[in-house]
Amino acid sequence: MPRLFTALEIPRNAAMSLSLLRGGLPGARWIDVENYHITLRFIGDVDGRTADEIVDRLDRIDRPEFSLTLNGIGSFGSKKPHSLWAGVSPAPELYALQGEIERICQRIGLPPDPRKFTPHVTLARLKTSRVEDVVRYLSGRGDFHTMPFRIGRFVLLSSKESVGGGPYLTEEVFPLYEAGYANLETTALQPEKSML
């Protein structure tokens, strides 16, 4: 079974903004634009039955769509940087969705994710980059941000066992409902007040 994880896709306009950050750092292996994503929950290698159960449970998630903005860049690994990332502005809906996916995975029997959820888009893997080169790269690009974009779904992706960075395959798509539509449904159920 392929390695699975849930993620948010990055729309084309935001991905093009991210692609402008490529280059200028010796030793960086840049992620292909079509593989940009925000990981919600790494699931890993599971058997077919567990994968089917995960899909069934994720399909029941009933949450509204929301907006996100990418903001700032940084690196993971302070003494020996191993990856560059673009940050995600905090959004309560993002954390709520990720928390629900985490609870579903644990109910199915997967161990809790040991890492704290830090939403980001990986831009590059760093193997041979020197710390001073990474610092210089980051200092010139710290004001990076995108226009807000709509998140209308999340996906289950698979990857082949590799050093990371794709290519990824979309296994399943899980739509989020339109926020305005949900509010209309709720108000339609309210009894009308009588003027008498």
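Start by selecting H37 and N35 in this predicted model: a polar atom in the side chain of H37 lies 2.9 Å from the backbone oxygen of N35. Now add T39, because the side chains of H37 and T39 make a polar contact at 3.0 Å. H37 itself belongs to strand 3, which covers residues 37–45.

Is H37 buried or exposed? With a relative accessibility of 13%, H37 counts as buried, since the cut-off for buried is under 20%. To see what surrounds H37, show the residues that H37 touches beyond four places in sequence: F5, A7, L8, I10, H120, V121, T122, L157 and Y168.

**Next stop: L157**

Pick L157 from that group. You will find L157 in strand 9, residues 153–159. L157 is buried too, at 7% relative accessibility. Leaving out residues up to four places away in sequence, L157 touches R3, L4, F5, A7, H37, Y168, L169, T170 and E171. Then try a distance in your viewer: L157 and E172 are 15 residues apart along the chain, and their C-alpha atoms are separated by 7.3 Å.

**A pocket to look into**

Keep H37 and L157 selected, as both help to line the second largest pocket. Which other residues line the second largest pocket? Add E9, I10, R12, A15, V33, E34, N35, Y36, Y168 and T170 to complete the lining. Helix 1 (12–19) and strand 10 (168–175) are the elements that each give two or more residues to this lining. Colour the lining by class and you get six nonpolar, three polar and three charged residues. The space in this pocket comes to about 200 Å³.

**Along helix 1**

Now select helix 1 and highlight A14, A15, L18 and S19, which are buried. They sit on the same side of helix 1, because they cover an arc of only 145° around the axis. Here is a handy idea for helices: an α-helix has 3.6 residues a turn, so residues three or four places apart point the same way. What do the buried residues of helix 1 pack against? Show strand 5 (70–76), strand 6, strand 7 (120–126) and strand 8 (149–151) to see their packing partners.

**W85, in strand 6**

Go on to W85, found in strand 6, residues 83–88. The side chain of W85 reaches the backbone oxygen of S75 at 3.5 Å. W85 also touches several other residues, among them G72, F76, H120 and L123. Select H120 with W85: they are 35 residues apart in sequence, yet their C-alpha atoms are 6.1 Å apart in space.

**Last helix: helix 2**

Move to helix 2, residues 48–58, and highlight its buried residues T50, A51, I54, V55 and L58. An arc of only 140° around the axis holds them, which puts them on the same side of helix 2. Turn to the other side of helix 2 and you meet R49 and D52, which are exposed. At the N-terminal end, D47 acts as a cap, with a side-chain oxygen 3.1 Å from the backbone nitrogen of R49. The buried residues of helix 2 pack against strand 1 (3–9), strand 3, helix 3 (92–108), strand 9 and strand 10.

**Zoom out**

Finally, show the whole chain, with its five helices and ten strands. Of the 196 residues in the chain, 43% are buried. Among contacts with a separation of 6 or more, 78% join residues 24 or more positions apart.

Technical notes:
Residues are numbered from 1 along each chain as its sequence is written. This is a predicted model: local features need pLDDT of at least 70, side-chain atom pairs count only at pLDDT 80 or more; totals for chains, interfaces and linings use all residues. Side-chain values use heavy atoms; hydrogens and water are left out. On a 1 Å grid over the protein atoms alone, a cavity is a set of points where a 1.4 Å probe fits but cannot get out, and a pocket is an open set with protein on both sides within 12 Å along at least five of seven lines; lining residues have an atom within 4 Å of a point. Grid points are joined across faces, edges and corners, and a volume is the space filled by probe spheres set on the points. Helices (H or I, at least four residues) and strands (E, at least two) are DSSP runs, numbered from the N terminus. Ala, Val, Leu, Ile, Met, Phe, Trp, Tyr, Cys and Pro count as nonpolar, Asp, Glu, Lys and Arg as charged, and the others, Gly among them, as polar. Contact means heavy atoms within 4.5 Å. A polar contact is a pair of N or O atoms within 3.5 Å; within protein, one must be able to donate a hydrogen and the other to accept it, and residues adjacent in sequence count only if both atoms are side-chain atoms. Buried means under 20% relative accessible area, exposed over 50%, partly exposed in between (1.4 Å probe, protein chains only). The arc is that of the directions from the helix axis to the C-beta atoms.
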